[in-house]
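Hi everyone, thanks for making time for this. I'll put the structure up now, and then we'll walk through a few parts of it together.

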Amino acid sequence: MDTARESGGIAGVILIPMRFVWPSGGTSVFLCGSFSRWSEFVPMSPVEGCTTVFQAICNIPPGYHQYKFLVDGEWRHDEHQPYATSDYGLVNTIFLTAEANYIPGTPSPDIPPVSNMEVDDHARRLVRITDGALIEAVPRISDTDLVVSRHRVSAFLTSHTAYELLPESGKVVALDIDLPVKQAFHILYEQGIPTAPLWDFRRGQFVGVLSAMDFILILRELGNHGSNLTEEELETHTIAAWKEGKAYLNRQIDGHGRAFSRPLVHAGPFDSLKDVTLKILQNDVASVPVIHSSSEDGSFPQLLHMASLSGILKCLCRYFRHCSSSLPVLQLPIYAIPIGTWIPKIGESNGRPLAMLRPSDSLSSALNLLIQAQVSSVPIVDDNDSLLDIYSRSDITALAKDKAYTHINLNEMTIHQAVQLGQDSYTPYDLRSQRCQMCLPSDSLHKVMERLANPGIRRLVIVEAGSKCVEGIVTLGDVFKFLLG
């Protein structure tokens, strides 16, 4: 078969077999794109077992391409894939690179079909054929395109301020440092928030932040001194007393042997989004309070907002949504770029190991893992390493439900039981599923960013299509570390 001719190319041109998917139904679906000079209509076939999804495999040359779908006589584009505006209206875009020794060829009939449950994840890993064998091909982006992409992201973040993160209406919750830990525990759970700024009435200023990690450390410390946690123990500890004790634990002691707290990491409303992002990344915090004071000495501060990477990413995605082609790096699948934490492949000696839990593991072991591995969440998997759920730092606040912390033993409660505490039987399935978001290794960076920009989503677990075997995890922090270089 002359694959160069079939793809509208020139004989001898390097071609890459690429699978295109239209996921939104129809009776008659055709594919047309710049790779065929918009002159050919490639018929698409329904995927077996899912008649609303159509697919076609085309051999196309490396480079930047645009394409659209003709669905029942109407031109359409896939809103879930990267797209841009061109002379042909809204079109989907794709950027392919190839090594110099690519050999033109067609996919082998032995390629396994796509699982029905993953057909909406369009991009597949590219392959090349050498001596009849299928070999995984990793798309690459040029250094120039990477530098251009990062420069444009940096320019956007530098030219926009934290003021743009403020919602039109909303609420912020602050806690007094003299509040008992038990009461603070319940407030975070009832308000559904993982962190809250701390207010010192005597000093008239915000002095820190209380987070879910504080409660993890508190429960672990109290658990070390007895088999059960008592409500009285939590009642006698104020937030201020805990922060001082935590400073001693972290060896934050001055020359006179007194504990001192680290200065509050915060931002002003007119700080650039880049400065806010760097403060979050460099201090390894989930969010920073946006505080404004009209006086020069900083007195009478006003708490305006809790800025997070999620809100900043939402601004970034909104700005580049209709001009994603100006950031070539967004078209790359995440497995082809250095982003996230991955399970090392056989033979790989480097790479940070990915921590995982089994449902039968104890809550104590889970908390120790969150602390020792310095991660915000850990996937929960079955014996085949298939994803079941995820346990995050913020899940610890579920122990406030029905005062569960008063009658549990951290070593006896399983991680499965701990997760169930935070899931009411009447909670709709779609809301429960929000806690465990997934993506495929072949998903584009653009697609991953759009998902992470949704409220409440801080990480995506990377899974294998079909089996849902965990391959890695990508967080909001990972995305910004990559984009900012």
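Let me start with a question: through how many residues does a hairpin join β8 to β9? Two residues do that job. Before I go on, please keep in mind that this is a predicted model.

Okay, let's stay with β9, which covers residues 89-96. Six of its eight residues are buried, so the strand is mostly covered. On the β8 side, residues 83-86, four bridges join the two strands, and they run antiparallel. If you want one pair to look for, find Tyr-83: its bridge partner in β9 is Asn-92. β9 also pairs with β6, residues 63-71, again in the antiparallel sense, this time over five bridges. There, the residue to find is His-65, which stands opposite Ile-94 in β9.

Next up, an open sheet of three strands. The order is β12-β13-β14, and the pairing is mixed. Which strands are at the edges? They are β12, residues 175-176, and β14, residues 205-211, and each of them pairs on one side only. β12 and β13 run parallel and are joined by two bridges, with β13 covering residues 195-200. Within that pairing, Asp-176 stands opposite Trp-199 in β13.

Between those strands in the numbering you'll find helix α3, residues 181-191. Its buried residues are Val-181, Lys-182, Ala-184, Phe-185, His-186 and Leu-188. Just after the helix, have a look at Gly-192, which takes a positive phi of about 65°.

Now for another open sheet, this one with four strands. The order here is β17-β22-β21-β20, and the pairing is mixed again. β17, residues 341-342, and β20 are the edge strands with a single partner each, so one side of each has no neighbour in the sheet. β17 runs antiparallel to β22, and two bridges join them. The partner of Thr-341 in β22 is Ile-473. At the other edge, β20, residues 438-439, runs parallel to β21, also with two bridges. Here Cys-439 has Ile-462 of β21 as its bridge partner.

So what about β21 itself: is it enclosed or open? Five of the five residues in this strand, 459-463, are buried, so β21 is largely enclosed by the rest of the structure. The side chains go two ways: Arg-459, Val-461 and Val-463 point one way, Leu-460 and Ile-462 point the other way, and all are buried.

Follow the chain on from there and you get to Ser-467, in the loop between β21 and β22, where β22 is residues 470-475. Is Ser-467 buried or partly exposed? Its relative accessibility is 30%, so it counts as partly exposed. Here's a nice one to check on screen: Ser-467 and Leu-387 are 80 residues apart in sequence, but C-alpha to C-alpha they are 8.7 Å apart in space.

Let's move on to the aromatic rings. The count comes to 12 aromatic pairs. One of them is Phe-156 with Tyr-319: their ring centres are 4.7 Å apart and their planes are at 35°, so we call the pair tilted. Phe-156 sits in helix α2, residues 143-159, and Tyr-319 sits in helix α8, residues 309-320, so the pair ties together parts that are 163 residues apart in sequence. As for how covered they are, Phe-156 is buried, with a relative accessible area of 6%, while Tyr-319 is partly exposed at 46%.

Phe-156 has another ring partner in α8, namely Phe-320. For these two, the centres are 6.0 Å apart and the planes are at 65°, so the pair is edge-to-face. Both Phe-156 and Phe-320 are buried.

Elsewhere, ring pairs link Phe-20, Trp-22, Phe-35, Tyr-67 and Phe-69 into a cluster. And there's a charge over a ring too: Arg-150 lies over the face of Phe-482, at 5.0 Å from the ring centre.

One last stop, back at α8. How do α8 and α12 cross? α12 is residues 445-452, and the two axes come within 9 Å and cross at roughly 130°. That angle makes α8 oblique to α12. The crossing is left-handed.

That's my tour, so over to you for anything you'd like to see again.

How values were computed: Residues numbered from 1 in each chain as written. Predicted model: local features only at pLDDT ≥ 70, side-chain atom pairs only at ≥ 80, totals over all residues. Heavy atoms only, no water. Pairing = 2+ DSSP bridges. Phe/Tyr/Trp six-rings, centres within 6.5 Å; stacked < 30°, edge-to-face > 60°. Buried < 20%, exposed > 50% of the residue type's maximum accessible area, 1.4 Å probe, protein only. Lys NZ or Arg CZ within 6 Å of the ring centre and 35° of its normal. Axes fitted to C-alpha atoms, helices over the stretch in contact; angles between N-to-C directions. Parallel < 35°, antiparallel > 145°, perpendicular 65-115°, else oblique. Left-handed = near helix turned anticlockwise from the far one by under 90°.
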